[in-house]
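Here are my notes on this entry, set out point by point for a colleague who will want to check them against the coordinates.

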Amino acid sequence: MPLLSIIVPVYKTEKYLHKCVDSILAQTFTDFECILIDDGSPDTCREICDGYALKDCRIIVIHQKNAGVSAARNAGLDIARGEWIGFVDSDDWCDSGMFEFLINNAKKYNADISICGANKFRENGKFYYYMSKKYPDIIMSGNEAILKMFSATYFSTTPWNKLVNKKCFYYNNTVIRYDESILFLEDGLILYFLFKNSEKIVYSSIPYYNYLFRSDSVTQIPYKSGIADSVLTNFIAFKKMLAVETDSIVRHKLMAAEGSKAVNYCLFHIKNNLSTNNDNFIFLKEIIRKDILFIITDKTIGNKRKIFSFLIFFPFIISNYYKIKRCLKKV
């Protein structure tokens, strides 16, 4: 039985898949299985995955009809044999010492979840920026980790720089899996419950993971005619968290994060001169109205965002603001 299971959802990443899998096979920690889930990829990913399985017995391949990244990760979780679970996206890559570091840090602090920092790179291979501020190692409870995750100052809601003890995926005879109906914030939702299941989490800002920023990524939604319906699943995720959260501090943080995210989508909408009369924009305005007190009292949200949260109700002011900014850039 391997100590570690590394789950890699694969879809339309033939350009990047070799670099990703090679970085996993080059890990200094070798007691792992790498589960490649070909999520019905229409390119040559299927053949690439099968080729790696023939070369290295630690590679396990699942082929399935396209069902999305959450379904792919769930398929990996269902067969994972390791005591520890890690995730890697198939267009990213890891430094060779990443999983050894994460496991050693988990053992050092007797933690259920171990987190490291990450770097972001552009498609041309150039370093973009360091995704986490440099901090000394931080030991957290589940609630403390949730507060930091939704403050986005230490680490984000992404799963790929986090190592999770398998026991965290089971609680009171309930199996914790990705909600496949949620297309945005699905990672934040499952991490919320995993943190709740954890007694101790350790975070180190050392960047072992390398994230590739792609213009065609699913997270780069093309707002051609307005806010996409899929974006609203963010707020279904928040609703699910708020439905079970009893700690008042965590509830306030969740509501501030929910409102701030709604502001972000509305601002993008206004900036691109799209209609502010459609149902989705109106829905997001109501989210902001509900959460505005928590937005303005949250110390981790900048003053500019707080001001914009009020001005969302006067979109013509924001629209003129962006017009002036564009004119000044041309001067």
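The points below take up the nonpolar cores, one buried charged residue and one helix pair.

1. The model is a predicted one, and the remarks that follow should be read with that in mind.

2. The largest nonpolar core comprises 66 residues, and those with the most contacts inside it are Phe150, Phe155, Leu194, Phe195 and Met241. Helix H8 contributes the most to this core, supplying eleven residues. Apart from it lies another core, made up of 34 residues that include Ile24, Phe32, Cys34 and Ile59.

3. Phe195 deserves a separate look: once neighbours within four places in sequence are left aside, Phe195 is in contact with Ile113, Ile115, Gly142, Ala145, Ile146, Met149, Phe155 and Ile201.

4. Glu258 belongs to helix H8, which spans residues 248–271. Because its relative accessibility is 3%, and buried means under 20%, Glu258 counts as buried. If residues up to four places away in sequence are not counted, Glu258 touches Phe235, Phe238, Leu242, Ile287, Lys290 and Asp291.

5. How do the axes of helices H9 and H10 cross? The axes of H9 (residues 279–297) and H10 (residues 303–311) come within 10 Å and cross at roughly 155°; since angles over 145 degrees count as roughly antiparallel, H9 and H10 are roughly antiparallel to each other. Their crossing is left-handed.

6. In the contact between these two helices, Ile288, Ile292, Ile295 and Ile296 of H9 meet Lys306, Ser309 and Phe310 of H10. The residues of this contact divide into five nonpolar, one polar and one charged.

Conventions: Residues are numbered from 1 along each chain as its sequence is written. This is a predicted model: local features need pLDDT of at least 70, side-chain atom pairs count only at pLDDT 80 or more; totals for chains, interfaces and linings use all residues. Side-chain values use heavy atoms; hydrogens and water are left out. Axes are lines fitted to C-alpha atoms, for helices over the stretch in contact, and angles run from 0 to 180 degrees between N-to-C directions. Helices (H or I, at least four residues) and strands (E, at least two) are DSSP runs, numbered from the N terminus. Angles under 35 degrees count as roughly parallel, over 145 as roughly antiparallel, 65 to 115 as roughly perpendicular and the rest as oblique. A crossing is left-handed if the near helix is turned anticlockwise from the far one by less than a right angle, and right-handed if clockwise. Contact means heavy atoms within 4.5 Å. Ala, Val, Leu, Ile, Met, Phe, Trp, Tyr, Cys and Pro count as nonpolar, Asp, Glu, Lys and Arg as charged, and the others, Gly among them, as polar. Buried means under 20% relative accessible area, exposed over 50%, partly exposed in between (1.4 Å probe, protein chains only). A nonpolar core is a set of buried Ala, Val, Leu, Ile, Met, Phe, Trp, Tyr and Cys residues joined through side-chain atoms within 4.5 Å.
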